[in-house]
Amino acid sequence: MKSITISILVTIPLLLAALNCTLPARAANVVHLTPGADVAKAVLGAPEDTTFLLATGTYRMQSVKPKNGDVFQGQAGVIFNGSQILTFEAIGNLWYANAKFDHFEDGKCEPSHPFCVDDQDLFIDGKYQTPAASKMDLPSGSWYFDHLSNQVYLPDNPEGHTVELGMSKYAFFGAASGVKLIDIVVEKYANPGQTGAIGGDTWGNGLGAQWSLQNVESRWNHGAGAYLGAGGMISKSSFHHNGQIGVKMIGANTSLIDSDIGWNNQQGFDTGWEAGGAKFGNTSNLVVKLNHVHDNLGEGLWTDTNNINTTYEQNIVENNLSGGIMHEVSYSALIKNNTISGNAAGVLVWLENAQILIQNSSNVEVVGNTVVVPASGGNGITLVNQKRGGGTNGPWVVQNDRVHDNTITYLGPKGYSGIADDTKPHTSNSNSFDGNRYILKGGGANHWYWYYDMSWDKMTQIGRQEAHGNCCN
């Protein structure tokens, strides 16, 4: 009789299957780290899908390139700090320290802040110091970085104080997918403008897909607090006092939920170049919901270039320098049930600088929003059409946009709601305002614009708008 040999590696799984049993799951890869550990080295030595549990404390000058599926979970008080602590000596009436210049300058600055291009910022006891053009006559609260000699100069004796200079470029960066950050603070990284202290850049490193930030705080970084790619998800997080902008996101299926974004553009980047609260580009199915976006020195929320199927819902957007929500050279969007007030105070430029601005974008619905225009300037809800060309889904033109059932309050005599078009003949078409309620608390007769400024009566008659609108209580 012929013998039959069956490998045990085959028979055990077959037997378990027959008995409707499963093999025990492989234990997850978990690495415990404490302050002082080399986090990048630990990541390099671990497999993909590792969870790194971070003990409380400061992880200084760490720059981590995660692998696919890595999770970074912090205990309370975990801080990734991108700065170096400097030690000073006296020289004449100044104090100096040796420090390395990173040889990177980029960006476009407001005239009042010519050094925004320099990505290394200096802090004394956590307070930002103003850069100066030379070491001559340095006022208190300023500093000078001699890039040729690699020396930092201060006008005041720093003894007994902690002086930090931004040195590391990114906290977490690279093209890995499925990375998660939970309960972590990221601060004082020397990331250039248009890059993220979290996420990195698209220039050479690439943005990973499906990054998730939960209960993350990103502050006092030079460029953006975070820059995420396709599938990026941010929830219950905070982005404040960053040098250029709070958040940048690109790609399909991104979301920004239940987060606080405030006091960004501390370095004085040009607001038209890119600065303020949050900016989104080339997204599809973007969701921005339940956020508080406030006091940013630039636009509050800004979708710019080829965004489609965007949702802005239930956000509070207030007291931003340039405007509230702007949807620019893009496509379909729903802007619903937001509270938008106090933006672009003191600024009234045509129909721009509005609480809600639709700029060369089509198929947008603006509904159920509560809008308050400050007494000192700004506009209400406006559509602006110019010759801007087209993108991935057709021409960038104001058409088929519906603004209805919003409440718009003017606290002063100026500001408009309506449409402006400087193309000849007008290329904007099939747009409507209807069912909106207007409250005029600060006077003024011409708060409407339908290709030119007009009164309520002309808006309803000549403009043939607001058949079901209400004014002016």
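Biologist: Between which strands does the loop that holds tyrosine 451 lie?
Modeller: This is a predicted model, in which local features need pLDDT of at least 70, side-chain atom pairs count only at pLDDT 80 or more, and totals for chains, interfaces and linings use all residues. Residues are numbered from 1 along each chain as its sequence is written, while side-chain values use heavy atoms and leave out hydrogens and water. Helices (H or I, at least four residues) and strands (E, at least two) are DSSP runs, numbered from the N terminus. On that basis, the loop of tyrosine 451 lies between strand S47 (448-450) and strand S48 (453-454).

Biologist: What is the phi of tyrosine 451, and is this residue buried or partly exposed?
Modeller: Tyrosine 451 is a residue other than glycine, yet its phi is positive, near 75°. Buried means under 20% relative accessible area, exposed over 50% and partly exposed in between, with a 1.4 Å probe and protein chains only. Since tyrosine 451 has 27% relative accessibility, it counts as partly exposed.

Biologist: Which value does phi take at tryptophan 350?
Modeller: Tryptophan 350 belongs to the loop between strand S35 (339-341) and strand S36 (354-359), and its relative accessible area of 31% makes this residue partly exposed. Although tryptophan 350 is not a glycine, its phi is positive, at about 50°.

Biologist: Which residue is joined to lysine 424 by a cis peptide bond, and which to cysteine 471?
Modeller: For the bond that starts at lysine 424, omega is about -10°, and its partner is found in the loop between strand S44 (417-421) and strand S45 (432-434). For the bond that starts at cysteine 471, omega is about 15°, and its partner has its place in the segment after helix H4 (456-461). The partner of lysine 424 is proline 425, and that of cysteine 471 is cysteine 472.

Biologist: Which backbone atom lies 2.9 Å from a polar atom of the side chain of glutamine 62?
Modeller: Glutamine 62 sits in the loop between strand S3 (57-60) and strand S4 (71-74), and it counts as buried because its relative accessibility is 9%. Leaving aside neighbours within four places in sequence, it is in contact (heavy atoms within 4.5 Å) with residues including Ala37, Phe80, Ser168 and Tyr189. The backbone atom at 2.9 Å is the oxygen of alanine 37.

Biologist: How far apart in space are serine 168 and arginine 60, C-alpha to C-alpha?
Modeller: Serine 168 has its place in the loop between strand S14 (163-166) and strand S15 (172-173), and at 11% relative accessibility it counts as buried. Beyond its neighbours within four places in sequence, serine 168 is in contact with Met61, Gln62, Gly82, Tyr189 and Ala190. Serine 168 and arginine 60 are 108 residues apart in sequence, whereas in space their C-alpha atoms are separated by 9.0 Å.

Biologist: Which strands stand at the edges of the open sheet of 4 strands?
Modeller: Two strands pair if DSSP finds at least two bridges between them. The sheet has antiparallel pairing and the order S6-S14-S9-S10. Each edge strand has a single partner strand, so one side of each is left without a neighbour in the sheet, and these strands are S6 (83-85) and S10 (127-128).

Biologist: Which residue stands opposite lysine 248 in S27?
Modeller: Strand S24 (residues 245-252) is mostly covered, with 6 of its 8 residues buried. Strand S21 (residues 224-228) pairs with S24 in the parallel sense over 4 bridges, and S24 also runs parallel to strand S27 (residues 276-284), to which 7 bridges join it. Opposite lysine 248 in S27 stands lysine 279.

Biologist: What is the relative accessible area of valine 288?
Modeller: Valine 288 lies in strand S28 (residues 287-289), and its C-alpha is 9.7 Å from that of isoleucine 234, which is 54 residues away in sequence. Among the residues in contact with valine 288, leaving aside neighbours within four places in sequence, are Leu256, Phe280 and Tyr312. Valine 288 is buried because its relative accessible area is 0%.

Biologist: What percentage of the residues of the chain count as buried?
Modeller: The chain contains 4 helices and 48 strands, and its C-alpha atoms fill a box of roughly 95 × 90 × 35 Å along the principal axes. Of the contacts between residues at least 6 apart in sequence, 62% join residues at least 24 apart. Among the 473 residues of the chain, the share that counts as buried is 52%.

Methods. Polar contact = N/O pair within 3.5 Å; in protein donor to acceptor, adjacent residues only side chain to side chain.
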